[in-house]
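Here's a short set of exercises to work through with the model open in your viewer. Try each task before you read its solution.

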Amino acid sequence: MNLTASPDSILSRRKPRSADQLAEELRKAVTAGTLNDGDQLPTIRQFSEETGLAYNAVNRAFSILQAEGLVVSRKRAGTFVTRPKSQGAGDERPVIRVFALIVPELNVGFYPSLQKGFDSGSDELGYQIIASNTNNDVRVQANTILQLMDKSVAGVAIVPATIGPSPAHHIRQLQRNGIPVVMLHRGVEDVHAPLVTIPAVQVGELAGREVIKRGHVRIGFCASQRAGSSGNYLKGLGLAMKDAGLELSEDHVHYGDIVMFDNANYAEYEASLEKWFDRHMTGPDRPTVLFTSFESIGEIAYFVALRRGLRVPEDLSIVTVGGQERRGAIVRRLACVTVNEQQAGRLTADLLDEMQNGRRPLDDQHQFMIDIAFDPAESLAVLA
């Protein structure tokens, strides 16, 4: 493409109405071959004038594509396509013996155990690891993937961000560069890669059976957001209650619908949970046990209950979901469906090594379920 080409010759949508729409149109042009490696894009001002988008919106679209590794901006030269070239039979990519782990959070819930297992499994296979925290942000995820491609790592294990959601082209960029990918906890639509996942419905069923066995018939459920595994936890809980002839009241289900990976969001969720407690956890028909979708939610519920004068577990039992290795004075005492994340980490390292050495195809679609168990700890009362 020459420097005088117009945006109209590139875009199938004549008037994209947002930065995201413009980014998607340019992404399609790269995928379709309308734009090729090394092609120079029209200027931001040209796109702004011909599409009617604000200058800042066009600039944001360029920034999105740059974070994804599809374009590069060069000072005083312009913005150029960096479409990855497919690996030919004679191509050799200098690979460093490093596996990367990309997760929404490094220090809470499943993730410390996952990293520990991934580290030990990789070490036994002769790989070092890089661990990266995306804060559940798709753009941070994209930038991390771009840097890992630049370093030519030997493989990437990723827990996709849930707010976005994670687009397929993030993972495909790695695979097109010959970098093996293993998906953790959840897959990405239209991506073919091994998946090591939590049996989320079974988690909810196990929690339900255990609390019902201890005499609880009014059960509540809390989660930070509807995305991810929360819906399947709730589905499994409902199945266990149905088998016991019980019903789950809609009033006893609370979703925060927020991202849970910074202090401001924790405070926002806690405030919403306090309001829900005041409406639904005070009367004679309130739940006697609360099943929470994550350790941090369980801890918040614990303190909200105490502030409302409810003793744990005498007045309200709390059950949560977490890794086998639980840290913290409160979380260690919470009844928990434990997920064997160390097992998952070690298995993931094995899968990456198999793909790196040609013993498993990059587009393998096998699913591997992580083992779960139940620990009643100290926060689950037995009712008479």
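**Warm-up: the overall picture**

Task: Work out how many helices and strands the protein has, and describe its extent and its burial.

Solution. Start with secondary structure: the protein has 11 helices and 14 strands. Keep in mind that you're looking at a predicted model. Next, take the C-alpha trace, which spans about 80 × 50 × 35 Å along its principal axes. Then count burial: 51% of the 384 residues are buried. For the surface, the protein exposes about 17600 Å², and carbon and sulfur atoms supply 46% of that. Now the contacts: taking those between residues at least 6 apart in sequence, 73% join residues at least 24 apart. Last, tally the charges: there are 41 positive and 46 negative side chains, with the centres of the two sets 3 Å apart.

**Exercise 1: the cysteines**

Task: Find how many disulfides the model has, and explain why Cys-336 isn't in one.

Solution. Step one is the cut-off: two cysteine sulfur atoms have to lie within 2.5 Å to count as a disulfide. By this rule the count is zero. Step two, check Cys-222: it is in no disulfide, and the nearest cysteine sulfur, in Cys-336, is 15 Å away. Step three, look from the other end: the closest cysteine sulfur to that of Cys-336 belongs to Cys-222, and at 15 Å it's too far for a bond. Step four, ask about solvent: Cys-222 is buried because its relative accessibility is 0%. Cys-336 also has a relative accessible area of 0%, so it is buried.

**Exercise 2: around Phe-47**

Task: Locate Phe-47, decide whether it is buried or exposed, and list what it touches.

Solution. First, place the residue: Phe-47 sits in helix α2, residues 44-51. Its relative accessibility is 0%, so Phe-47 counts as buried. Next, go through its contacts, skipping residues up to four places away in sequence: you'll find Pro-7, Ile-10, Leu-11, Leu-22, Leu-26, Pro-42, Gly-52, Val-58 and Phe-62. Pick Leu-22 from that list: it is 25 residues from Phe-47 along the chain, and their C-alpha atoms are 9.4 Å apart.

**Exercise 3: aromatic pairs**

Task: Count the aromatic pairs, then work out the geometry of the Phe-47 and Phe-62 pair.

Solution. A search of the whole structure turns up 11 aromatic pairs. One of them is Phe-47 with Phe-62, 5.8 Å centre to centre with 80° between the planes. Planes over 60 degrees apart count as edge-to-face, and that's the label this pair gets. The pair links distant parts of the chain: Phe-47 is in helix α2 and Phe-62 in helix α3 (residues 55-67), 15 residues apart. Phe-62 has a relative accessible area of 4%, so it is buried.

Now try Trp-276 and Phe-277: this pair is also edge-to-face, at 5.8 Å centre to centre and 75° between the planes. Trp-276 counts as buried at 3% relative accessibility, and Phe-277 is buried too, at 1%. Elsewhere, ring pairs link Phe-221, Tyr-233, Tyr-255 and Phe-291 into a cluster.

**Exercise 4: Leu-290 and its contacts**

Task: Which strand holds Leu-290, and what is this residue in contact with?

Solution. Leu-290 lies in strand β10, residues 289-292. With a relative accessible area of 0%, it is buried. Set aside its neighbours within four places in sequence, and the contacts are Gly-220, Phe-221, Cys-222, Trp-276, Phe-277, Ala-301, Leu-316, Ser-317, Ile-318 and Val-319. You've already met several names here, including Cys-222 and Trp-276. Finally, compare sequence and space: Leu-290 and Val-253 are 37 residues apart in sequence and 9.4 Å apart C-alpha to C-alpha.

**Exercise 5: backbone oddities**

Task: Find where Pro-313, Asn-135 and Asp-190 sit, and note the backbone angle given for each site.

Solution. Begin with the proline: a cis peptide bond joins Val-312 and Pro-313, with omega about 10°. Pro-313 is in the loop between α10 (295-307) and β11 (317-323).

Next comes Asn-135, a non-glycine residue with a positive phi, near 55°. It's in the loop between β4 (128-133) and α5 (138-151), and at 32% relative accessibility it counts as partly exposed.

Last is Asp-190, again not a glycine, with a positive phi near 70°. Its loop runs between β6 (181-184) and β7 (195-197). Asp-190 has 55% relative accessibility, so it counts as exposed.

Definitions and conventions
Residues are numbered from 1 along each chain as its sequence is written. Side-chain values use heavy atoms; hydrogens and water are left out. Buried means under 20% relative accessible area, exposed over 50%, partly exposed in between (1.4 Å probe, protein chains only). Helices (H or I, at least four residues) and strands (E, at least two) are DSSP runs, numbered from the N terminus. Contact means heavy atoms within 4.5 Å. Accessible areas come from the Shrake-Rupley method with a 1.4 Å probe; for residues, only the protein chains shown count as cover. Lys and Arg count as positive and Asp and Glu as negative; His and the chain ends are not counted. The place of a charge is taken as NZ of Lys, CZ of Arg, CG of Asp or CD of Glu. Rings of Phe, Tyr and Trp (its six-membered ring) pair if their centres lie within 6.5 Å; planes under 30 degrees apart count as stacked, over 60 as edge-to-face and the rest as tilted.
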